[in-house]
Amino acid sequence: MVEAPTFRKAERIAGRTLVERLFNGTESRAMSAFPIRLVFLSIPRDEGEPRAKILVSVPKRYFKQAVKRNRVKRQIREAYRKHKQLIPDDSKHQMLMAFIWMDSRLYDTSEVERRITNLLQRMIERL
């Protein structure tokens, strides 16, 4: 029986150093599938670390109500959880990814999932 994909706490980017490395590093790359922007970076992987870590950001500028921001973050996390198997399991490298929302309109979950899948596939092609 195949185990359903999960999204564990270890797969979240936590801590200032990783965030600064992702956004301030010269080697990080970005792409977008409107309304989502993906910033990613490949770093050396430590033993026992997951193959990818993500950060989800929905700026208050686009949704003043926390309920709407939380809905969009849930949609992005769920889409990533369903399609994270697209990321190759390289024992030497770990992917750091930040998904950033860039629109003031809500989208259907299926549309968000399609955009996340598109971004993951394009990121893999670039590597």
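Start by selecting arginine 45, which is partly exposed, with a relative accessible area of 21%. The model is a predicted one. Now add aspartate 89, which counts as exposed at 57% relative accessibility. The two side chains meet in a salt bridge, 3.0 Å from N to O. This pair links distant parts of the chain: arginine 45 lies in the loop between strand 2 and strand 3, aspartate 89 lies in the loop between helix 2 and strand 4, and 44 residues separate them.

Next, select lysine 53 and glutamate 49. Their side chains also meet in a salt bridge, at 3.3 Å from N to O. Lysine 53 counts as buried, because its relative accessibility of 12% is under the 20% cut-off. Glutamate 49, at 26%, counts as partly exposed. A search of the whole structure finds 8 salt bridges, and one more of them is visited further on.

Turn now to the strands. Select strand 1, residues 29-33, together with strand 2, residues 36-44; they run antiparallel and are joined by 5 bridges. A hairpin of 2 residues connects strand 1 to strand 2. To check the register, pick alanine 33, which stands opposite isoleucine 36 in strand 2.

Keep strand 2 on display and add strand 4, residues 93-101. This pairing is antiparallel too, and runs over 9 bridges. Here the residues to pick are serine 42 and, opposite serine 42 in strand 4, methionine 95.

Select helix 3, residues 109-126, next. How far apart are the end C-alpha atoms of helix 3? They are 26 Å apart, which agrees with the 26 Å that its 18 residues should span at 1.5 Å a residue. Colour the buried residues of this helix: Glu111, Val112, Glu113, Ile116, Thr117, Leu119, Leu120 and Met123. Show their surroundings, and the elements they pack against appear: strand 1, strand 2, helix 2 (66-83) and strand 4.

Stay on helix 3 and display the side chains of glutamate 111 and arginine 114. They form a salt bridge in which the closest N and O atoms are 2.6 Å apart. The two residues are 3 apart in helix 3, so about one helical turn separates them. Glutamate 111 is buried, with a relative accessible area of 18%. Add Arg115 to the selection: salt bridges that share partners join Glu111, Arg114 and Arg115 into one network.

Now for the interior. In soluble globular proteins, nonpolar side chains tend to be buried together. The largest nonpolar core in this model has 26 residues, and Ile76, Tyr80, Met97, Phe99, Trp101 and Met123 touch the most other members. Two or more residues come from each of strand 1, strand 2, strand 3 (52-57), helix 2, strand 4 and helix 3. Helix 3 gives the most to this core, with 5 residues.

Centre the view on isoleucine 76. Which residues does isoleucine 76 touch, not counting those up to four places away in sequence? They are Ile36, Val56, Phe99, Trp101, Val112 and Ile116.

For the last stop, select Leu22, Leu41, Leu96 and Ile100. These are among the 10 residues of another core, which lies apart from the largest one.

Technical notes:
Residues numbered from 1 in each chain as written. Predicted model: local features only at pLDDT ≥ 70, side-chain atom pairs only at ≥ 80, totals over all residues. Heavy atoms only, no water. Pairing = 2+ DSSP bridges. Helix = DSSP H or I, 4+ residues; strand = E, 2+ residues; numbered from the N terminus. Expected span 1.5 Å × (residues − 1). Buried < 20%, exposed > 50% of the residue type's maximum accessible area, 1.4 Å probe, protein only. Contact = heavy atoms within 4.5 Å. Core = buried A, V, L, I, M, F, W, Y, C linked by side-chain atoms within 4.5 Å. Salt bridge = Lys/Arg side-chain N within 4 Å of Asp/Glu carboxyl O.
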